[in-house]
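User: I would like to go through this structure by asking what stands behind each label. Please set each value against its cut-off before drawing a conclusion.

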Amino acid sequence: MNPFEGMGCSAAAVDLPMLGSAAHVPGWLCIEHPGAWGRDVIADEVLGPEITAELAARTTAAQVRPTLIRRPGRNEFTGKRTVLLASSRPEGSWCERFEITDLRELFDIDLRLVAGPAPGIGARVDDPVVLVCAHGKRDQCCALLGRPIAAALAADNPGRVWEATHTGGHRFAPAVVLLPSGLTYGRVDVPAARTLLAAADRGEVSMTGLRGRGCYDPIRQVAEIAVREQLPPVALDDLTVTPAPAEDATLAGAAVVTHRDGRRWHVTVRTVAAAPRQASCGGPAKPVTYLEPAAVEQLSEVATAQAGCPAT
């Protein structure tokens with residue numbers, strides 16, 4: 001018998017660690033769409049078959065995540081759509097905002113620009129933008145738990161908060177993503193959401209509910225969080241993470257975390273199995289694993305040089 005049967009997916013996952021669960025997304029294309037979202041932005045052709053097919057090809061080629069957004073609460077559609085284009089690279093991330101009246105205007109944008117510096121095709125967005133997953137057609141927990149978070153944050157920060165389609169990991173709802181950094185959070189309540197946004201405004205990183213930074217793959221997400229947990233608070237850009245070989249084949253992977261001041265840590269990560277449970281509300285039980293740090297070792301200058309990293 002499945003002990004999680006009948007639970008919402010977020011309730012069934014309450015004992016699962018969230019480290020490394022942020023969707024690995026180098027770039028974002030967020031399109032305001034106040035109408036029905038459907039279950040999948042692409043597969044359900046929410047924006048119409050012609051637009052959707054072309055958009056799918058372009059976003060896939062540029063490694064950009066297409067996301068539908070809407071303002072919290074009831075809003076009448078004016079005919080103008082806000083579009084956010086964001087690059088979530090580890091260094092040099094940016095977000096630009098512009099408006100369109102015709103969805104075909106999206107095809108005037110070279111989405112490959114997210115791999116470089118801000119192109120200046122829209123107004124630069126300097127304050128972090130908040131995406132709160134509220135995609136009820138994809139998962140009930142996102143709508144029930146996400147919408148109150150979006151509403152509370154929007155009341156305090158008008159114009160900066162958007163309800164969004166699936167951002168990944170609905171079992172960790174309420175799910176919040178900050179752009180352009182890609183910092184991803186789960187299981188946040190209103191006080192935690194306010195705290196994480198206030199920290200981001202200061203260029204800092206709130207650790208409460210942090211799942212990872214989406215510019216990194218899961219191994220590097222875990223490594224960064226593991227090091228941050230051992231340090232006094234450090235700024236978002238104070239740490240960079242690079243892949244490293246994991247000599248033990250039983251491990252999931254390894255990474256080297258480098259502080260701006262030259263300190264380095266070698267972090268190994270392992271996979272842990274948990275009891276099967278549903279990944280989505282109403283879905284069947286599936287095998288479940290999660291990631292956790294196996295070891296966090298600060299590298300000496302000698303070890304750093306042997307690893308091929310120049311000491312500073």
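The questions and answers below go from the whole chain to its sheets, cores and charged pairs.

User: What kind of model is this, and how are its residues numbered?

Analyst: This is a predicted model, in which local features need pLDDT of at least 70 and side-chain atom pairs count only at pLDDT 80 or more, while totals for chains, interfaces and linings use all residues. Residues are numbered from 1 along each chain as its sequence is written, and side-chain values use heavy atoms, with hydrogens and water left out.

User: Why is the chain called as compact as a globular protein of its length?

Analyst: The radius of gyration, taken over C-alpha atoms, is set against the globule rule of 2.2 Å times the number of residues to the power 0.38. For 312 residues that rule gives 20 Å, and the chain itself has 20 Å, so the chain is as compact as a globular protein of that length. Its C-alpha trace spans about 60 × 55 × 35 Å along the principal axes. Buried residues (under 20% relative accessible area, with exposed over 50% and partly exposed in between, using a 1.4 Å probe and protein chains only) make up 52% of the chain.

User: How many helices and strands does the chain have, and what makes a run count as one?

Analyst: The chain has 6 helices and 14 strands. Helices are DSSP runs of H or I with at least four residues, strands are runs of E with at least two, and both are numbered from the N terminus.

User: What makes S11 and S14 edge strands?

Analyst: Two strands pair if DSSP finds at least two bridges between them. The open sheet of 4 strands has the order S11-S12-S13-S14 with antiparallel pairing, and strands S11 (239–244) and S14 (285–299) each have a single partner strand, so one side of each is left without a neighbour in the sheet. Between S13 (residues 264–278) and S14 there are 13 bridges, and Trp265 stands opposite Gln298 in S14.

User: How do you know that S4 and S5 are paired in the other sheet?

Analyst: Strand S4 (residues 94–100) is joined to S5 by 2 bridges, and the two strands run antiparallel; set against the requirement of at least two bridges, that counts as a pair. Glu96 stands opposite Arg124 in S5. The sheet is open, has 10 strands in the order S5-S4-S3-S1-S2-S7-S6-S8-S9-S10, and shows mixed pairing. Its edges are S5 (123–124) and S10 (210–213), each with a single partner strand, so one side of each is left without a neighbour in the sheet.

User: What makes a group of residues a nonpolar core, and which residues have the most contacts inside the largest one?

Analyst: A nonpolar core is a set of buried Ala, Val, Leu, Ile, Met, Phe, Trp, Tyr and Cys residues joined through side-chain atoms within 4.5 Å. The largest has 39 residues, and Val130, Val176, Leu178, Tyr185, Val188 and Val267 have the most contacts inside it. Helix H5 (residues 218–228) gives the most to this core, with 6 residues. Apart from it lies another core of 22 residues, including Ile31, Trp37, Leu68 and Ile109. With contact meaning heavy atoms within 4.5 Å, and with neighbours within four places in sequence left aside, Val176 is in contact with residues including Val130, Ile149, Tyr185 and Leu196.

User: Why is Ala13 called buried?

Analyst: Ala13 has a relative accessible area of 0%, so the residue falls in the buried class. Ala13 is found in the loop between helix H1 (9–12) and strand S1 (27–32), and, leaving aside neighbours within four places in sequence, is in contact with Arg171, Arg187 and Arg277.

User: What makes the pair Arg220 and Asp217 a salt bridge?

Analyst: A salt bridge is a side-chain nitrogen of Lys or Arg within 4 Å of a carboxyl oxygen of Asp or Glu. The N to O distance between Arg220 and Asp217 is 2.9 Å, which is within that cut-off. Arg220 has a relative accessible area of 17% and is therefore buried. The whole structure holds 16 salt bridges.

User: Are the partners Arg263 and Asp261 buried or partly exposed?

Analyst: Arg263 has a relative accessible area of 33% and is therefore partly exposed, and Asp261, at 45%, also counts as partly exposed. Their side chains meet in a salt bridge at 2.9 Å, N to O.
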